[in-house]
Every structure is written in C-alpha cells, then in structure tokens.
Amino acid sequence: MNRTVAAAERGDDPPSYFGVAPEWTCVRPVVPDGDLSGAGPRLRPAVPYLLFGVSGETAVLWDPVAGKPVKVPAVQVWLSPAGSGKSACPEGS
C-alpha cells in the first residue's frame with residue numbers, strides 16, 4: 001500500500017494493490033451536500049481521487065490530499081475517469 005499511497009500523493013499512476021488496479025477518477029455528488037452519506041473526508045469535486053472500485057453499493061476511494069480512504073454510496077455520486085491525479089475535474093452543472 002505504501003507504493004500506492006506515495007504514487008497518489010505525487011498524482012502519478014499507482015501500481016496495483018492486491019490485484020486491484022486503482023484508477024484516477026472525478027467524483028461528483030448527485031445529491032445535495034447534506035444528503036451525501038459515507039465515511040471519510042468531505043468530497044472535493046474539483047480534484048481527482050483514486051478509485052479502488054465499487055464494492056457492493058459503495059464506491060471505495062482514496063483522497064490523496066487528506067491521505068485517507070473515502071467510502072460513499074455509489075448511487076449518490078457520478079464517477080468519471082480523470083486523466084491523472086494532477087488534472088482538474090470538470091465542474092458539475
């Protein structure tokens with residue numbers, strides 16, 4: 001995990017972790033802020049997160065700025081590929 005975290009902090013493409021290939025993704029809530037549930041730091045839609053996948057109904061992300069995992073209900077967010085961890089995510093409408 002240390003190599004994956006270090007790559008995330010640099011915004012580089014991370015190596016796989018126990019067979020999971022994390023991808024940079026933009027995350028935008030599709031529910032009002034107050035209705036977004038989950039665990040971890042507050043989402044910042046302008047920055048990319050590492051997506052480790054969707055497990056059950058939960059999107060499992062890594063926040064490279066906070067250095068912590070973020071878990072949110074997949075039905076409450078819109079996920080879109082990001083070019084890298086150094087790119088900006090498009091603003092929602």
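In this predicted model, L61 of strand β3 has V70 of β4 as its bridge partner. That pair belongs to a longer contact. Six bridges link β3 and β4, and the two strands pair in the antiparallel sense. Between the strands of this hairpin come four residues. One residue to look for here is G67, which takes a positive phi near 70°.

Now step to the other neighbour of β3. Strand β2 covers residues 49-55, and strand β3 covers residues 58-63. These two run antiparallel and are joined by five bridges. Two partner pairs help you find the match on screen. L50 has W62 in β3 as its bridge partner. V54 stands opposite A59 in β3. β2 and β3 also form a hairpin, with two residues between them. In that turn, G56 has a positive phi of about 65°.

Move on to β1. Strand β1 spans residues 23-29. Three bridges join β1 to β2, and the two run antiparallel. For a landmark, take E23, which stands opposite L51 in β2.

Put the pieces together. What is the order of the five strands in the open sheet? Read across, the order is β4-β3-β2-β1-β5, and the pairing is antiparallel. β4 (68-73) and β5 (77-81) stand at the edges, and each has a single partner strand, so one side of each is left without a neighbour in the sheet. The sheet also twists, by an average of 40° from one strand to the next.

Two general points help in reading such a picture. Strands of a sheet pair through backbone hydrogen bonds, and the pairing is either parallel or antiparallel. In a regular strand, side chains alternate between the two faces of the sheet.

Next, look for empty space. How many cavities of 30 Å³ or more are there? The count comes to one. The largest cavity holds about 30 Å³ of space. Its lining is made up of C26, V27, R28, P45, W78, C89 and P90. Which strand gives the most to this lining? Strand β1 does, with three residues. By class, the lining has six nonpolar residues, one charged residue and no polar ones.

Two of the lining residues, R28 and W78, deserve a second look. R28 lies over the face of W78, at 4.2 Å from the ring centre. What about pairs between aromatic rings? The structure holds zero aromatic pairs.

Finally, turn to the pockets. The largest pocket has about 200 Å³ of space. It is lined by 13 residues. Nearest its centre lie D33, L36, P41, R42 and L43. The whole lining divides into eight nonpolar, three polar and two charged residues.

To retrace the route, start at the edge strand β4. Cross β3, β2 and β1 in turn, and finish at β5. Then find R28 over the face of W78, and end at the pocket with D33 and L36 among the residues nearest its centre.

Terms used: Residues numbered from 1 in each chain as written. Predicted model: local features only at pLDDT ≥ 70, side-chain atom pairs only at ≥ 80, totals over all residues. Heavy atoms only, no water. Phe/Tyr/Trp six-rings, centres within 6.5 Å; stacked < 30°, edge-to-face > 60°. Lys NZ or Arg CZ within 6 Å of the ring centre and 35° of its normal. 1 Å grid on protein atoms, 1.4 Å probe; cavity = no way out; pocket = protein on both sides within 12 Å on 5 of 7 lines; lining within 4 Å. Points joined across faces, edges and corners; volume = space filled by probe spheres on them. Nonpolar A, V, L, I, M, F, W, Y, C, P; charged D, E, K, R; others polar. Pairing = 2+ DSSP bridges. Axes fitted to C-alpha atoms, helices over the stretch in contact; angles between N-to-C directions.
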